[in-house]
Amino acid sequence: MILAIDAGNSRIKWGFHAHGGWVARGAIITADAPQLAAAWHDVAAPRAIVVANVAGPEVKAVLASALRHFAVQPQWLVAKAAQCGVRSRYVHPAQLGADRWAALIGAWHRWHRAALVVHAGTALTADALSRDGEFLGGVIVPGHELTSRALAAHTAGLRRQAGAFHHFPRATGDAIVSGTINALCGTIERMVRFMEQGGEEKPLIVIGGGDADSLAEQLGAPVQRVDNLVLEGLVVIAHEYMDP
């Protein structure tokens, strides 16, 4: 059995994987990370533990404490120049977020084709994966919630308020929601265009994260909605650790 953990700024997702499928999965908000020790206390020790942590050293320390009773050394993922069939063009490969690297590996092992791997959470990341399994590069922009909070904090008349998406918004709340969604979708659509201009076949858009549904509805291209791509990639990586 493999324990895969995706520790992000907002939430920590985890899953126990065995015999080709998920035995159990869960998620908590990152601030509640100390509760994981109790949640995992009566679970049989996995053969391997792989963690993608982008939530900082304090969360890493809490996770390490929660995992200690398994008596299995966790593997704290750091992105590499090449791993599990994916190669990185990042100037400094280890600086790429571990979650982004795991998601790229998960996407490659699921589809083996050109893809734009998007996570729409606190930040939106859009990472280009070539038809040959090469990470071409990616972008990071503030996500929907973060952008809305920034507008409220730094402008006098754009306080946070309810809104919905419209092509031609006629209320301030709708204008903020619609503008943010348009900006994020524009980022994704431009990355797709850049890939095609660079000679890639039309990439599959793979999207996950809390804002994935609202963006997928507005994208003018087919979208593959995936919730646990980071965890899937971590399982692939765990097998590499177990069978070098």
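These legends go with a handful of close-up views of a predicted model.

**View 1. Helix 3 packs against helix 7.**
Start with two helices that meet: helix 3 covers residues 98-111, and helix 7 covers residues 229-242. Their axes sit 7 Å apart, at an angle of about 80 degrees. That makes the pair roughly perpendicular, since angles of 65 to 115 degrees count that way. On the helix 3 side, look for Asp 99, Ala 102, Ala 103, Ile 105, Gly 106, Ala 107, His 109, Arg 110 and Trp 111. Across from them, helix 7 brings in Leu 229, Val 230, Glu 232, Gly 233, Leu 234, Val 236 and Ile 237. Sort the residues of this contact by class and you get 10 nonpolar, 3 polar and 3 charged.

**View 2. Val 230 is a buried residue of helix 7.**
Now zoom in on one member of that contact. How much of Val 230 is accessible? Its relative accessible area is 12%, so it falls under the 20% limit and counts as buried. Leaving aside residues up to four places away in sequence, Val 230 touches Asp 6, Ala 52, Asp 99, Ala 102 and Ala 103. Of these, Asp 99, Ala 102 and Ala 103 also appear among the helix 3 residues that meet helix 7. Find Trp 14 as well: Val 230 and Trp 14 are 216 residues apart in sequence, yet their C-alpha atoms are 9.9 Å apart in space.

**View 3. The largest pocket holds about 850 Å³ of space.**
Which residues are closest to the centre of this pocket? They are Asp 99, His 119, Gly 121, Thr 122 and Ala 123, out of 37 residues in the lining. Several elements each supply at least two lining residues: strand 2 (11-18), helix 3, strand 8 (115-120), strand 9 (123-129), helix 4 (144-154), strand 11 (204-208) and helix 7. Strand 8 gives the most, with 4 residues. The lining is a mix of 15 nonpolar, 12 polar and 10 charged residues.

**View 4. Ile 176 sits buried in helix 5.**
Helix 5 runs over residues 172-197, and Ile 176 is part of it. With 12% relative accessibility, Ile 176 is under the 20% cut-off and so counts as buried. What does Ile 176 touch, once residues up to four places away in sequence are set aside? The list is Ser 148, Leu 151, Leu 158 and Arg 159. Thr 147 is worth finding too: 29 residues separate it from Ile 176 in sequence, and the C-alpha to C-alpha distance is 9.1 Å.

**View 5. Two histidines, His 19 and His 112, have positive phi values.**
His 19 lies in the loop between strand 2 and strand 3 (21-29). Its phi is near 55 degrees, a positive value in a residue other than glycine. His 112 belongs to the loop between helix 3 and strand 8, and its phi is about 50 degrees. Are they buried or exposed? His 19 is exposed, at 87% relative accessible area, while His 112, at 46%, is partly exposed.

**View 6. Gln 95 is exposed in a loop leading to helix 3.**
The loop in question lies between strand 7 (86-88) and helix 3. Gln 95 has a relative accessible area of 62%, over the 50% limit, so it counts as exposed. Look for Ala 79 too: it is 16 residues from Gln 95 along the chain, and their C-alpha atoms are separated by 7.2 Å.

How values were computed
Residues numbered from 1 in each chain as written. Predicted model: local features only at pLDDT ≥ 70, side-chain atom pairs only at ≥ 80, totals over all residues. Heavy atoms only, no water. Axes fitted to C-alpha atoms, helices over the stretch in contact; angles between N-to-C directions. Parallel < 35°, antiparallel > 145°, perpendicular 65-115°, else oblique. Contact = heavy atoms within 4.5 Å. Nonpolar A, V, L, I, M, F, W, Y, C, P; charged D, E, K, R; others polar. Buried < 20%, exposed > 50% of the residue type's maximum accessible area, 1.4 Å probe, protein only. 1 Å grid on protein atoms, 1.4 Å probe; cavity = no way out; pocket = protein on both sides within 12 Å on 5 of 7 lines; lining within 4 Å. Points joined across faces, edges and corners; volume = space filled by probe spheres on them.
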